[in-house]
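Got your viewer open? Here is a short walk through one protein chain, stop by stop, with a hint on what to select each time.

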Amino acid sequence: MSATRVHLVRHGEVNNPQGILYGRLPGYGLTERGARMAHRIAEHFSAAGVTHLVASPLQRAQETVAPLAATLDLPVHTDERVIEADSVFEGLDLGPNPAQLAHPRYWRYLINPFTPSWGEPNRAIVTRMRDAIRDARAAAEGHEAVIVSHQNPIWTTRLALEGRSFVHDPRRRQCTLASVTSLTFDGGTLVGLDYSEPAGDLLVGAEAIT
């Protein structure tokens, strides 16, 4: 049986000058640099044998997948299962002072990093992402699929697939803007996981709230 690859792509840079933790809020499209990242993704996969495209319903993901869909002349399957993680901090204006999260009003949300206590449970994120990956793999059997999602779901899923703890320093996640986490399957068995940054040269100075 031919190998099937499912690529988890993080969206490009988002226009968010106020530093809002936008989460699942509507709006928040790509910056000009983010659009360049999206076109870099399209170039990266232009000859890769991709036959199936999936994207989160959020604007930044839809704008990231659009150039690839146009390049390959493929429809985009919008999937709620690959949306950003839910969080009680959604909409918070961090501005230049992220330390405000240490205010006593937020303490009750910060007591359990394992679940976590501030939002959607990690295991729930992994379950929905793995279901979406399974369906994308089946749809692209013997070829390749691309899923455009968000840093938290992609990284949390990678931790689960590698058997690692969910507790980590978010600043050390290997999941930059427009990065690609590639899963290789032999039938239904995961046999490989690789990571690349097709837009790595565009990251200098880029804003990456989420």
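**Stop 1: Asp79**

Start by selecting Asp79, which is found in the loop between E3 and H3. Those labels are DSSP runs numbered from the N terminus: helices are H or I with at least four residues, and strands are E with at least two. Before you go on, remember that this is a predicted model, in which local features need pLDDT of at least 70, side-chain atom pairs count only at pLDDT 80 or more, and totals for chains, interfaces and linings use all residues. Residues are numbered from 1 along each chain as its sequence is written, and side-chain values use heavy atoms, with hydrogens and water left out.

Is Asp79 buried or exposed? With a relative accessibility of 13%, Asp79 counts as buried. Buried means under 20% relative accessible area, exposed means over 50%, and partly exposed lies in between (1.4 Å probe, protein chains only).

Now show what surrounds Asp79. Leaving aside neighbours within four places in sequence, Asp79 is in contact with Val54, Ala55, Ser56, Pro57 and Ala132; contact here means heavy atoms within 4.5 Å. Zoom in on the side chain of Asp79 too: it reaches the backbone nitrogen of Arg81 at 2.9 Å.

**Stop 2: the whole chain**

Zoom out and switch to cartoon. You should find four helices and six strands, and from the N terminus on they run β-α-β-α-β-α-β-α-β-β. The chain has 210 residues, and 46% of them are buried. Try a surface view as well: about 9,900 Å² is exposed, with carbon and sulfur atoms supplying 52% of it (the areas come from the Shrake-Rupley method with a 1.4 Å probe, and for residues only the protein chains shown count as cover).

**Stop 3: the sheet**

Colour the strands next. What is their order in the sheet? This is an open sheet of six strands with mixed pairing, in the order E3-E2-E4-E1-E5-E6. E3 and strand E6 (189-196) stand at the edges with a single partner strand each, so one side of each has no neighbour in the sheet. On average, neighbouring strands of this sheet are turned by 20° against each other, direction ignored (axes are lines fitted to C-alpha atoms, for helices over the stretch in contact, and angles run from 0 to 180 degrees between N-to-C directions).

Select E1 (4-10). Six of the seven residues of E1 are buried. E1 pairs with E4 in the parallel sense over six bridges, and with E5 in the antiparallel sense, also over six bridges. Two strands count as paired if DSSP finds at least two bridges between them.

Click on Arg5 to see both pairings. The bridge partner of Arg5 in E4 is Glu144, while in E5 the partner is Thr184. Hop on from there: Thr184 stands opposite Gly192 in E6, and E5 and E6 pair in the antiparallel sense over seven bridges.

**Stop 4: helix H3**

Select residues 122-139, which form helix H3. H3 has 18 residues and reaches 26 Å from its first C-alpha to its last, close to the 26 Å expected at 1.5 Å a residue (the expected span is 1.5 Å times one less than the number of residues).

Which residues of H3 are buried? Among them are Ile125, Val126, Arg128, Met129 and Ala132. What covers the buried residues of H3 includes strands E1, E2 (50-55), E4 (144-149) and E5 (180-186), along with helix H4 (151-161).

Step back to Glu120, in the loop between E3 and H3. Glu120 is buried, with a relative accessible area of 15%. Show side chains, and you will see a polar contact of 2.8 Å joining Glu120 and Arg128. A polar contact is a pair of N or O atoms within 3.5 Å; within protein, one must be able to donate a hydrogen and the other to accept it, and residues adjacent in sequence count only if both atoms are side-chain atoms.

**Stop 5: Leu161 and Arg164**

Finish with Leu161, found in helix H4. Leu161 is partly exposed, with a relative accessible area of 26%. Not counting residues up to four places away in sequence, Leu161 touches Arg130, Leu183, Leu190 and Leu193.

Last click: Arg164, in the loop between H4 and E5. Arg164 counts as partly exposed at 39% relative accessibility, and the side chain of Arg164 makes a polar contact with the side chain of Glu162 (2.5 Å).
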